[in-house]
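Open the model in your viewer and keep the selection panel at hand. The tour goes from the ligand to the domains, then to a single residue.

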Amino acid sequence: MEKGSLLYEGKAKKVYETNDENIVWIEYKDSATAFNGEKKASIDGKGRLNNEITSLLFSKLKELGIDSHFISKVSETEQLVKKVAIIPLETVVRNVSAGSFAKRLGVEEGKPLSRTIVEFYYKDDDLGDPLLTDDHIEILQLASKEEVEIIKEKALKVNSVLTEFFKELGIRLVDFKLEFGKDHSGAILLADEISPDTCRLWDIATKEKLDKDVFRRDLGSLTDAYENILARLGGQKVCT
Ligand code: C5P
């Protein structure tokens with residue numbers, strides 16, 4: 001497989017075309033951003049950690065019957081994935097009150113929710129990724145009702161599998177964000193990444209935060225936190 005020209009550069013990743021029109025080459029960057037790009041830093045090793053963790057998690061999901069765009073890891077910071085057209089919905093699954101949910105609704109952070117909830121945000125940096133209702137999704141024609149149901153069902157399945165998996169590693173899966181895309185046949189496929197950048201992961205015993213909140217809230221070393229997650233997943237320590 002050959003790496004072709006740059007198709008798109010996002011905040012955390014670059015996407016290149018390949019010599020196969022249905023496959024793209026993803027490069028994870030060392031940049032860290034928060035609050036819709038207002039807070040920025042370059043953190044050595046972050047790209048490697050997120051590539052490694054995402055590759056392990058997508059492989060684990062596949063083993064457990066959940067398909068994604070992930071094909072293979074090709075280097076410490078790169079992976080090959082199936083090309084999809086990203087649906088402009090950020091799908092957030094929450095098990096425990098935290099982050100914007102806690103802040104917006106005045107619910108104490110750390111309070112388990114009486115049931116898991118799914119929220120959708122409009123993937124639009126200029127608008128600051130606003131929260132969407134089902135009506136908004138329909139009126140803006142971001143996805144059909146059937147597609148929203150498929151996405152919800154897939155997101156809840158990912159949640160059941162990952163909640164149990166992380167629990168065995170002593171980690172509480174508090175919440176996370178997923179993105180979905182459509183492949184060349186129009187099928188909806190789990191895409192983007194699953195990493196401590198996109199999940200809240202708390203140590204069950206110590207309640208220590210092992211995710212991007214370390215960066216957002218200046219709680220210490222982001223790479224130490226991400227290395228802790230990678231080590232528990234059985235990955236190799238990243239030496240920078
Ligand atoms: O900030 P908020 O509480 O809404 O985030 C919910 C979850 O979604 C968190 O795990 C956060 O890391 C993730 N998220 C993300 N990308 C965004 C917004 C949220 O990965 N643009």
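Select arginine 200 and the ligand. A polar side-chain atom of arginine 200 sits 2.9 Å from an oxygen atom of the ligand, a polar contact (a pair of N or O atoms within 3.5 Å; within protein, one must be able to donate a hydrogen and the other to accept it, and residues adjacent in sequence count only if both atoms are side-chain atoms). This is a predicted model, in which local features need pLDDT of at least 70 and side-chain atom pairs count only at pLDDT 80 or more, while totals for chains, interfaces and linings use all residues. Residues are numbered from 1 along each chain as its sequence is written, and side-chain values use heavy atoms, with hydrogens and water left out.

Next, pick aspartate 175. An N or O atom in its side chain is 2.6 Å from a ligand oxygen. Then show the backbone of threonine 198: one of its polar atoms lies 3.4 Å from an oxygen of the ligand. The ligand has 450 Å² of accessible area on its own, and the protein covers 80% of that (Shrake-Rupley method, 1.4 Å probe; for residues, only the protein chains shown count as cover).

Now display the whole shell. It holds 16 residues, and the closest are Arg94, Ser100, Asp175, Arg200 and Arg216 (a residue is near if one of its heavy atoms lies within 4 Å). How do the shell residues divide into nonpolar, polar and charged? The split is 5 nonpolar, 3 polar and 8 charged (Ala, Val, Leu, Ile, Met, Phe, Trp, Tyr, Cys and Pro are nonpolar; Asp, Glu, Lys and Arg are charged; the others, Gly among them, are polar).

Colour by domain. Domain 1 spans 3-82 and domain 2 spans 85-221, with bounds from an automatic or database domain assignment. Their centres, taken over C-alpha atoms, are 18 Å apart. The contact takes 29 residues from domain 1 and 22 from domain 2 (heavy atoms within 4.5 Å).

Together the two domains bury about 2200 Å², 64% of it on carbon and sulfur atoms (accessible area, 1.4 Å probe, lost on being put together and summed over both parts). Select Lys39, Leu57 and Ile66. These supply 22% of the area that domain 1 buries against domain 2, more than any other three residues.

Finish on lysine 39. The side chain of lysine 39 makes a polar contact of 2.8 Å with the side chain of aspartate 218. Measure across to arginine 216: the C-alpha atoms are 7.8 Å apart, although 177 residues separate the pair along the chain.
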